[in-house]
Amino acid sequence: MNIIGLGLGLFSFFIIGFGFVWVIRGEYYLGYLWWPYPLLLGIILIIASLFVSPIWSALLGITGASCIWGATEMKEQAVRADLGWFRRNPRPKPAPPLVEVIKKIHAPHL
Amino acid sequence: MLQLTGLWMAVATFLGIWWGHVGVRWLEAHSADIRPPALILIVIGIALQIVSLFASNLTLSGVSSIVGITLLWDAFELYRQQKRVIKGHAPANPNNPRHAAYLAAANSHATTEDLLDREPSDPTAQTHSWQAANIKNQKSRVRKI
């Protein structure tokens, strides 16, 4: 019997659940223009997963994939806040580094 | 040798979440009754957990458990998607008799329009309410001085 696989399934479940939380908070405090940074973090985590032991590799891979998905959700979350479906932060949000470049790229959404 | 376990888990997680969004929307919009697809998702989800328990290697075991658990969640998500359609937060499919009934109901909020299909406002710009609050604040500060 392979209990570790089930553990990884549960881990992905909680990481995806945490994704809902950080996307909502991230959009609220930082704004959706920060999307390339979780995307980059996800890619770095997945690359790092190539060089560690199998269990750590699995945990990093799951976390990285969830970060990448979260990055694609931030723009939609901003629209939800605009529509009043979520709390909208009335404060102007901090511009991310390289904001002018980011504004030129179409935020990915699936 | 590169450790490919994590890459497989990443692919499983990403595709699991992708299907959880795109597939669930499609299934809910095309099912006259969401109970049969929900039941199928639950059965496959549990079967994959059993596959995971008896898989011979970590990669297969992890991938089946991850995909299985996302499918189990998708069964629940079908109900949440149905609620979104009723609230008008997701577009209704007029060709689906269940959705047509939502659209025809009295005081219905359901709509065929996809309200999320638009660009968000600029997050770095000041909103009017915030500007107004700032001006009010400054005035009260001036008065104190």
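How much of chain A is helix over residues 7–25, and how far apart are the end C-alpha atoms? In this predicted model, that stretch is 100% helix and 0% strand, with its end C-alpha atoms 27 Å apart. The range comes from UniProt: an unreviewed entry annotates residues 7–25 and 37–70 of chain A as "transmembrane region". Here's how the two ranges look side by side.

| Range in chain A | Helix | Strand | End C-alpha to end C-alpha |
|---|---|---|---|
| Residues 7–25 | 100% | 0% | 27 Å |
| Residues 37–70 | 85% | 0% | 10 Å |

Now for where the two chains meet. Here 43 residues of chain A are in contact with 39 residues of chain B. On the chain A side, the elements giving two or more residues are helix H1 (3–29) and helix H3 (54–82). H3(A) gives the most, with 16 residues. Sort that side of chain A by class and you get 28 nonpolar, 10 polar and 5 charged residues.

For a close-up, take Gly62(B), which sits in helix H3 (residues 58–87) of chain B. Is Gly62(B) buried or exposed? It counts as buried because 34 other C-beta atoms lie within 10 Å, and the cut-off for that label is 20 or more. Setting aside neighbours within four places in sequence, Gly62(B) is in contact with Gly5(A), Leu8(A) and Ala58(A) from chain A, plus Met9(B) from chain B. As for Pro37(B), it is 25 residues from Gly62(B) in sequence, and the two C-alpha atoms are 24 Å apart in space.

Key:
Residues are numbered from 1 along each chain as its sequence is written. Chains are lettered from A and ligands numbered from 1 in the order in which they are written. This is a predicted model: local features need pLDDT of at least 70, side-chain atom pairs count only at pLDDT 80 or more; totals for chains, interfaces and linings use all residues. Helices (H or I, at least four residues) and strands (E, at least two) are DSSP runs, numbered from the N terminus. A residue is buried if 20 or more other C-beta atoms lie within 10 Å of its own, exposed if 12 or fewer, and partly exposed in between; C-beta atoms are placed from the backbone. Two residues are in contact if their C-beta atoms, placed from the backbone, lie within 7 Å. Ala, Val, Leu, Ile, Met, Phe, Trp, Tyr, Cys and Pro count as nonpolar, Asp, Glu, Lys and Arg as charged, and the others, Gly among them, as polar. UniProt positions are given in the numbering used here, feature names are shortened, and annotations may be inferred rather than shown by experiment.
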